[in-house]
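Colleague: Could you walk me through this one, starting with a helix and then moving on to the surface and the cysteines?

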Amino acid sequence: GMTWIDRTKTARDFARGKANIVVATVAFGMGIDKADVRCVIHYCAPSSLERYVQEIGRAGRDGKPARCVCLLAESDLSRLESLGHGDGVELCQIRSLLGRMVEHPESWTPLVLEDIALQLDLKPEVLETVIALLDARRVEVSRDPDSAKPEFILAASLSCGGKFTDGIRLRRRPQSDPSESGQQLLDILQAQRPSILSFNDNEQASVLAGPYSLCNALRELGLPPWQAKRELERLKQLGLIDVTYCRQALLVRLRSDADRSPAIVDALAFDIHAELAAIEKAGLSKLSACTEALRAAALPLNFDDEEESKLRAEKLATAIDAYFERTEKSSNTAALSDPNKSKKLSVELAPTLSALFLDPRLCRPQQLLPQLHTNIEFKARAATRILHGISSAAFSVCDWRDSPFWNIAPHIDFASLFSVVQDYLRSAKYY
């Protein structure tokens, strides 16, 4: 990509009228504040009608005529539908995440975004969604013995402190004499690593030691993370230490009186997973309606045939209405309900799947938690993403793009392929 200096110069030249045409990403285009843009061309299809309307809103802000063009290809629409499954999660991932949250009651536990992403194959955005869903359940504290709904006392006892910089790198300055509380904090941090460097280290005078986990150190002191960060900043201002911050984390804390029994954790995990599945289904339904509306808008128009023009306008209006109503219509239902097609697909893909699951990057990835290695649903979703060319935290495009399996089945809809892979793993007794 372009350097920051080149991007800034390009944006400035375009804003001042020195450049008439700019080819850029959507993010760049959304930052443009120029009244006389005469044309906006989308090379790729937008993922929603709202985004399309917002993006083409950059044209004609001066009130004069402007033109907007969207170049559509069926492969682009299929790709959008594939990417709609990019944030899907399985029950085992949610259960493992909740297990991490309840390990240390009464203390702030850092869920380091980078670590969680690799260990559970969860995107940071999905992790934040899970936290938000837990916060929404904090009101469910009633104990009704006649209620069939699980009592999520666990969720009511969880608190989220938001994002926090948990990782720090530091070194002491020579002849520094911090306060007693500061000295205790530095000693606990130092215990996580062999040493904290000082300016007297000639070979590594410019290197800060770490990273240290601030929250893990604070469990011994019983201090909230933000108070410890203030103490570090105080020591820095006094010239006693040098410190930099890294590694974003989400802070969660569980009350010590919360019921952490496996039954409660499982019930809450099941409920959270069901809601995430509903969110994914709604997003896919909306995306399907969006692609139908785009297809309807792209039909060739015969201006000489008034009846044809009227029918096309009605079809486009129906597609747009369906989008905003977010109907539950799905193009995948027929494919999944056809046993003959599913059986044929299973036979065709058996050699590919057999070879794919021999790849150590998939069958035994080192970064994943052990309980995910043999979960059929999780492995099936991971394999389907690979076959569709969808990158995830633990199975990224950087690691898989050179694989012969990467993006070799984008023509098969995700749901059907996911079902076939699950059936293969069960028949192969993959556990």
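**A helix and its surroundings**

Modeller: This is a predicted model, and in helix H3, which spans residues 49–56, the residues Leu49, Tyr52, Glu55 and Ile56 are buried.

Colleague: How do the buried residues of H3 fall when seen down its axis?

Modeller: They fall within an arc of 130° when H3 is viewed down its axis, so they line one face of the helix. As general background, an α-helix has 3.6 residues a turn, so residues three or four places apart point the same way.

Colleague: And what do the buried residues of H3 pack against?

Modeller: They pack against helix H2 (26–30), strand E1, strand E2 (67–70), helix H12 (262–297) and helix H13 (306–325).

Colleague: Switching to the surface, which residues make the nonpolar patch of about 360 Å²?

Modeller: That patch is made by Ile41, Tyr43 and Leu71, and Ile41 lies in strand E1, residues 39–42.

Colleague: Why does Ile41 count as exposed?

Modeller: Ile41 has a relative accessibility of 56%, and because the cut-off for exposed is over 50%, Ile41 counts as exposed.

Colleague: New topic: how many disulfides does the structure hold?

Modeller: It holds zero disulfides; Cys39 is in none, and the nearest cysteine sulfur, which belongs to Cys68, is 6.9 Å away, whereas a disulfide would need the two sulfur atoms within 2.5 Å.

Colleague: Are Cys39 and Cys398 buried or exposed?

Modeller: Cys39 is partly exposed, with a relative accessible area of 37%, while Cys398 is exposed, with a relative accessible area of 55%.

Notes: Residues are numbered from 1 along each chain as its sequence is written. This is a predicted model: local features need pLDDT of at least 70, side-chain atom pairs count only at pLDDT 80 or more; totals for chains, interfaces and linings use all residues. Side-chain values use heavy atoms; hydrogens and water are left out. Patches are made of residues with over 30% relative accessible area and no salt bridge: like charges are joined within 9 Å, nonpolar side chains (Val, Leu, Ile, Met, Phe, Trp, Tyr) within 5 Å. Accessible areas come from the Shrake-Rupley method with a 1.4 Å probe; for residues, only the protein chains shown count as cover. A salt bridge is a side-chain nitrogen of Lys or Arg within 4 Å of a carboxyl oxygen of Asp or Glu. Helices (H or I, at least four residues) and strands (E, at least two) are DSSP runs, numbered from the N terminus. Buried means under 20% relative accessible area, exposed over 50%, partly exposed in between (1.4 Å probe, protein chains only). The arc is that of the directions from the helix axis to the C-beta atoms. Contact means heavy atoms within 4.5 Å.
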